[in-house]
Amino acid sequence: MKSSAIFLSTALGLGLAAATALPATAAPTADAGQRSTATSIAAYQGSGEDAAATKAFFEAVVKSAKAKQAKTGERAVTVTYNASGAPTFASQIARSAAIWNSHVTNVKLQAGSGGSDFSYREGNDARGSYASTDGHGRGYIFLDYRQNQQYDSVRVTTHETGHVLGLPDHYSGPCSELMSGGGPGPSCTNPNPNAQESARVNQLWAGGLSGLDTFAKGSFRK
């Protein structure tokens, strides 16, 4: 890696709802849209590095959340997020959290501010949307403007949040599979994890830190 941070380029680029206005700088030209699509398709291939980044992000968030759980004694782990860095996507982030909270029971997402387990950011990036961590609990999800115009924005946000919860990309999957991301194409607007994905998240978080053993056994191999 050339950067000290570990980048997970999921490049979902899922289009914003019509009611959401993006900054003027996010409005793509036809050529820009084609370049964005090409970048997205290239990123869909995934790599062993992507798998390692997903594992690192999950590990950082789990350690942060479990430290808080030890103080509260709650059964379900609560993962807090700070959405202040992505105001354009406030509604998508809130809906993403609600979707995951309605599909899983062993971990809950909750809005916070200072001291949150991870945060959201927004902007323009040729890599598209991705999850990133430096391996020390400072993880964030970056939401790219152009990709969020090209694809369904709630789907991209919920997909990226799936990485926080421990799920890897599976671009060859159908639209009904959230972690297939942009693989099924821009027409796919499903923002919900399927039963298998929900069960997987519950399994990972039921064991807390012990769930990381599953990653060591190859769950994120391509």
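Where is the place of F118? In this predicted model, F118 sits in strand 4. With a relative accessibility of 2%, F118 counts as buried, because the cut-off for that label is under 20%. Setting aside residues up to four places away in sequence, F118 touches F57, V61, V79, T80, Y81, N82, L109, G139, I141 and V164. One of these partners, V61, lies 57 residues away along the chain, yet the C-alpha atoms of F118 and V61 are separated by 7.0 Å.

Stepping back to the whole chain, there are seven helices and six strands. Going along the sequence, these elements come in the order β-α-α-β-α-β-β-β-β-α-α-α-α. The protein chain has 222 residues, and buried ones make up 52% of them. As for contacts with a separation of 6 or more, 71% are between residues 24 or more positions apart.

F118 also turns up in the largest nonpolar core, which has 30 residues; along with V79 and W205, F118 is among those with the most contacts inside this core. Quite a few elements chip in: at least two core residues each are supplied by helix 2 (48-72), strand 2 (77-82), helix 3, strand 3 (107-111), strand 4 (118-123), strand 6 (139-144) and helix 6 (195-206). Helix 2 gives the largest share of this core, at five residues.

Next comes W205, which belongs to helix 6. W205 counts as buried because its relative accessibility is 3%, and it is one of the residues with the most contacts inside the largest nonpolar core. Not counting neighbours within four places in sequence, the contacts of W205 take in F58, V61, V62 and A65, then V77 and V79, then N106 and V107, and finally V164 and L165. For W205 and L165, a gap of 40 residues in sequence goes with a C-alpha to C-alpha distance of 8.1 Å.

V164 links up with both of the residues just described. Its place is in helix 5, and V164 is buried, with a relative accessible area of 0%. Beyond its neighbours within four places in sequence, V164 is in contact with F118 and W205, as well as with F57, F58, V61 and I141. V61 shows up again here: V61 is touched by F118, by W205 and by V164. Then there is V79, which is 85 residues from V164 along the chain, with 9.3 Å between the C-alpha atoms of the two. V79 itself is in contact with F118 and with W205.

That leaves the packing of helix 5 (residues 153-164) with helix 3 (residues 90-103). The two helices meet at an angle of about 55°, and their axes are 9 Å apart. This angle makes helix 3 oblique to helix 5, and the crossing is right-handed. On the helix 3 side, the contact is made by Q92, I93, R95, S96, I99 and W100, while helix 5 brings S153, V154, T157, T158, T161 and G162. By type, the residues of this contact split into seven polar, four nonpolar and one charged. Helix 3 is also among the elements that each supply at least two residues of the largest nonpolar core.

Methods: Residues numbered from 1 in each chain as written. Predicted model: local features only at pLDDT ≥ 70, side-chain atom pairs only at ≥ 80, totals over all residues. Heavy atoms only, no water. Axes fitted to C-alpha atoms, helices over the stretch in contact; angles between N-to-C directions. Helix = DSSP H or I, 4+ residues; strand = E, 2+ residues; numbered from the N terminus. Parallel < 35°, antiparallel > 145°, perpendicular 65-115°, else oblique. Left-handed = near helix turned anticlockwise from the far one by under 90°. Contact = heavy atoms within 4.5 Å. Nonpolar A, V, L, I, M, F, W, Y, C, P; charged D, E, K, R; others polar. Core = buried A, V, L, I, M, F, W, Y, C linked by side-chain atoms within 4.5 Å. Buried < 20%, exposed > 50% of the residue type's maximum accessible area, 1.4 Å probe, protein only.
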